[in-house]
Amino acid sequence: MLYPNHLETKIGFDKIREALAEACNSSLGRSFVDKIRFSDRYDTVKKMVEQTDEFRMILMLESNFPNQNYFDVSQALKRASIEGTFLDTEQFFDIKLSLTTIQQIIHFFKNKEEMLYPQLRQLLEMAIPYDGSWSPLIQQIDRVIDERGQVRDNASPELLKLRKQIASEQNAVRRTLERIYRTAKNSGWIGDSMTLTVRDGRLVIPLLAEHKRKLK
């Protein structure tokens, strides 16, 4: 326990904490900054200072360290651990991007000499499987969800069949509307600048008010 209680403010560490939080790429980093506490253990402080210095060198000297797609997927993973529940598309997409970032980080360190960044390398090996044994999970998610975060048409035979049917019905509806539109246009029920438009997700035919009852 610190004494006095306002020691952080007194020595200006609260400003350092704020600056660190602002520099974080994600909520994961900001939550880690919130957990930073003073320590009187020399070995712990020494290790963390060395980790910080190694990453400072990476920021200064390296240009290919992954710097995006750091998502907090803890809630999605917690939900996935409950039998009978399911994740939505966005959650799967975030997990895929997060795993891809981890994979890129592993490749970054694997492509460096072993003597470089020893503390960060050790931290990485302690945190996740270093052999990439979870890579098939990325492939499985990628097979279902595309690079825009949308479920692929061919995610399953049933989905592909349904989406083809929907596209076919939509095309049929549009052809019917276009035929009715031409008839109404030739009859003078539609203004010169009026075209088929979308209202509440549906294609509609704009009619001049005085002719609105002439179209069945």
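Which element supplies the largest share of the lining of the second largest pocket? The answer is α6, which contributes four residues. The structure described here is a predicted model, and this briefing concerns its two largest pockets, whose volumes are about 2200 Å³ and about 170 Å³.

**The largest pocket**

- The space in the largest pocket amounts to about 2200 Å³.
- Its lining consists of 42 residues.
- Phe 32, Gln 51, Phe 55, Leu 120 and Leu 123 are the lining residues that lie nearest the centre of this pocket.
- Two or more lining residues come from each of α2 (13-23), α3 (27-35), α4 (42-61), α6 (89-110) and α7 (118-127).
- Of these elements, α4 provides the largest share of the lining, with 11 residues.
- By class, 27 residues of the lining are nonpolar, 10 are polar and five are charged.

**The second largest pocket**

- The volume of the second largest pocket is about 170 Å³.
- Among the residues that line this pocket are Leu 28, the run Asn 69, Tyr 70, Phe 71, Asp 72, Val 73 and Ser 74, and also Leu 77.
- Ser 98, Thr 101, Ile 102 and Ile 105 also belong to this lining.
- At least two lining residues are supplied by α5 (74-80), and at least two by α6.
- The lining divides into seven nonpolar residues, four polar residues and one charged residue.

**An element shared by both pockets**

- The element α6 gives two or more residues to the lining of the largest pocket, and it also supplies four residues to the lining of the second largest pocket.

How values were computed: Residues are numbered from 1 along each chain as its sequence is written. This is a predicted model: local features need pLDDT of at least 70, side-chain atom pairs count only at pLDDT 80 or more; totals for chains, interfaces and linings use all residues. Side-chain values use heavy atoms; hydrogens and water are left out. On a 1 Å grid over the protein atoms alone, a cavity is a set of points where a 1.4 Å probe fits but cannot get out, and a pocket is an open set with protein on both sides within 12 Å along at least five of seven lines; lining residues have an atom within 4 Å of a point. Grid points are joined across faces, edges and corners, and a volume is the space filled by probe spheres set on the points. Ala, Val, Leu, Ile, Met, Phe, Trp, Tyr, Cys and Pro count as nonpolar, Asp, Glu, Lys and Arg as charged, and the others, Gly among them, as polar.
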